[in-house]
Amino acid sequence: MNKTLSIILVVCAVALIAYNVTLIDFEDPFEGNSIVAVIGVMASLCAIVLILIFYTSKKIQKNLEED
């Protein structure tokens with residue numbers, strides 16, 4: 001996975017977070033469709049963290065191979 005694909009996936013995850021935040025009813029976020037939106041936000045945040053961990057591990061692996 002190259003840098004461009006990582007950036008595209010992070011941007012898509014951020015767009016999903018923005019969309020799901022608009023669906024959350026902040027007066028009662030754990031009822032009805034709001035819980036689905038909260039789960040969507042959490043899943044997108046997890047995806048971003050996993051992509052960043054993968055990208056960092058690839059950078060470390062590249063540095064180790066150069067030495």
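A nonpolar patch is made here of Val, Leu, Ile, Met, Phe, Trp or Tyr residues that have over 30% relative accessible area and no salt bridge, their side chains being joined within 5 Å. The exercises below apply to a predicted model.

**Exercise 1. Which residues form a nonpolar patch on the surface, and which helix gives the most to the patch?**

Step 1. The patch on the surface is formed by Met1, Leu5, Ile8, Leu9 and Phe54, which together have about 420 Å² of accessible area.

Step 2. Helix H1, which covers residues 3-23, gives the most to this patch, with 3 residues.

Step 3. Leucine 5 serves as a check, since this member of the patch has its place in helix H1. The relative accessible area of leucine 5 is 38%, and the residue is therefore partly exposed; the value also satisfies the patch criterion, which asks for over 30%.

**Exercise 2. How many disulfides does a search of the whole structure find, and how far from cysteine 12 is the nearest cysteine sulfur?**

Step 1. The search of the whole structure returns 0 disulfides.

Step 2. Cysteine 12 takes part in no disulfide, and the nearest cysteine sulfur, which belongs to cysteine 46, lies 17 Å away. Seen from the other side, cysteine 46 is likewise in no disulfide, its nearest cysteine sulfur being that of cysteine 12, at 17 Å. The cut-off for a disulfide is a pair of cysteine sulfur atoms within 2.5 Å.

Step 3. As to accessibility, cysteine 12 counts as partly exposed because its relative accessibility is 43%, and cysteine 46 is partly exposed with a relative accessible area of 46%.

**Exercise 3. Which residues make up the largest nonpolar core, and which element gives the most to this core?**

Step 1. The largest nonpolar core has 7 residues in all, namely Ala13, Ile17, Ile24, Ala37, Val38, Val41 and Ile48.

Step 2. Two elements, H1 and helix H2 (33-66), give two or more residues to this core, and H2 gives the most, with 4 residues.

Step 3. For one core member, isoleucine 48, the contacts that remain once neighbours within four places in sequence are left aside are Val10, Ala13, Val14 and Ile17.

**Exercise 4. Is asparagine 20 buried or exposed, and which residues does asparagine 20 touch?**

Step 1. Asparagine 20 is found in helix H1.

Step 2. Its relative accessible area is 12%, so asparagine 20 is buried, the cut-off for this class being under 20%.

Step 3. When residues up to four places away in sequence are not counted, asparagine 20 touches Ala37, Gly40 and Val41; of these, Ala37 and Val41 belong to the largest nonpolar core.

Terms used:
Residues numbered from 1 in each chain as written. Predicted model: local features only at pLDDT ≥ 70, side-chain atom pairs only at ≥ 80, totals over all residues. Heavy atoms only, no water. Patch = residues over 30% accessible without salt bridge, like charges linked within 9 Å, V, L, I, M, F, W, Y side chains within 5 Å. Areas by Shrake-Rupley, 256 points an atom, 1.4 Å probe, with all protein chains shown as cover. Salt bridge = Lys/Arg side-chain N within 4 Å of Asp/Glu carboxyl O. Buried < 20%, exposed > 50% of the residue type's maximum accessible area, 1.4 Å probe, protein only. Core = buried A, V, L, I, M, F, W, Y, C linked by side-chain atoms within 4.5 Å. Contact = heavy atoms within 4.5 Å.
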